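Got the model open in your viewer? Here's a short tour, one selection at a time.

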Amino acid sequence: MRAMILAAGLGTRMRPLTLNTPKPLLKIADKPMIQHHIERLRHAGFTELVINHAWLGEQIEAVLGDGSELGVDIRYSAETEPLETAGGIVKALPLLSPDGKSPFAVINGDVFCDYPFEQLPCTLDGLAHLVLVANPDHNPNGDFVLGDGRVLPDGASAYTFSGISVLSPQLFVNVTAGEKAPLAPLLRSAIAQGAVSGEYYDGYWVDVGTPQRLQEVDQLVKERLTHGV
């Protein structure tokens, strides 16, 4: 199974840090944020990766190259302007699922976590599988409800979507290549059809969306490395 790291965002919440540096290259423990993802994906057995980019994307390609130095094969999907999540995935579909049938993993480039990527399912019972986490302060109401391994259209309480998923190409049949399209409406439609499975992960996860959170994660990871955790 191939994996895609979403890295095409403008990083507006990270300014001024992202005025001259794309957000995926901001460093955590002296290493580009996106490199942490790549190394953990490789450790989990993902060696064929796709990375989309837009804002200052040439810097990402210059730093990561073809991925050989990191033990992976990286293909890039360049966007002249951000196509939003679903639009970016559709543009990259020929690289992610050459047969148009095989599912693929997707990871938001601006989250930091210790989720074991080898735990992701290689096959789907439906159109998608989502990893959900506890609601952070900035998303107190959550995104999706989980029950008995399925993501439900409603329920007593909702969890936050981690930005980690396995998706089927069939989820995107109504999205035209090149158009801007968000992912959430597609997921909600599939959830209404009972076609989305899910799991709850209670490990470390942060949406690294602001300079303050970047600093907090950087400090924590450095402390863990210092203590050999």
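The stops below go from a strand to some loops, then to a helix and the cysteines. Keep in mind that this is a predicted model.

**Stop one: strand E1.** Select residues 3–7, which make up E1. Are these residues buried or exposed? They're well covered, with 5 of the 5 counted as buried. Now show the side chains: Ala3, Ile5 and Ala7 point one way, while Met4 and Leu6 point the other way. That fits a general pattern: in a regular strand, side chains alternate between the two faces of the sheet.

**Stop two: the partners of E1.** Add residues 48–53, strand E4, which runs parallel to E1 and is joined to it by 5 bridges. Click on Ile5 and look across to Ile51, its bridge partner in E4. Next, add residues 104–108 to bring in strand E6, which pairs with E1 over 4 bridges, also in the parallel sense. Here, find Leu6 and you'll see Asn108 of E6 standing opposite.

**Stop three: some backbone oddities.** A bit of background for this stop: most residues other than glycine have a negative phi, and most peptide bonds are trans. Go to the loop between E1 and strand E2 (27–28) and pick Pro16. The peptide bond leading from Arg15 to Pro16 is cis, with omega near 10°.

Now jump to Leu56, in the loop between E4 and helix H2 (57–64). Its phi is near 55°, a positive value in a residue that isn't glycine. Leu56 counts as buried, at 17% relative accessibility.

Glu84 is another one to click, this time in helix H3. Phi of Glu84 is positive too, near 65°. At 44% relative accessibility, Glu84 counts as partly exposed.

**Stop four: Thr80.** Look in the loop between strand E5 (73–78) and helix H3 (84–96) for Thr80. With 87% relative accessibility, Thr80 is exposed. Try a distance from its C-alpha to that of Gly57: the two are 23 residues apart in sequence and 9.5 Å apart in space.

**Stop five: the cysteines.** How many disulfides does the structure hold? The count is 0. Select Cys113 and Cys122 to see why: the sulfur of Cys113 has its closest cysteine sulfur in Cys122, 17 Å away, which is too far for a bond. For a disulfide, the two sulfur atoms would have to be within 2.5 Å. Their surroundings are worth a look as well: Cys113 is buried, with a relative accessible area of 6%, whereas Cys122 is exposed at 55%.

Terms used: Residues numbered from 1 in each chain as written. Predicted model: local features only at pLDDT ≥ 70, side-chain atom pairs only at ≥ 80, totals over all residues. Heavy atoms only, no water. Buried < 20%, exposed > 50% of the residue type's maximum accessible area, 1.4 Å probe, protein only. Helix = DSSP H or I, 4+ residues; strand = E, 2+ residues; numbered from the N terminus. Pairing = 2+ DSSP bridges.
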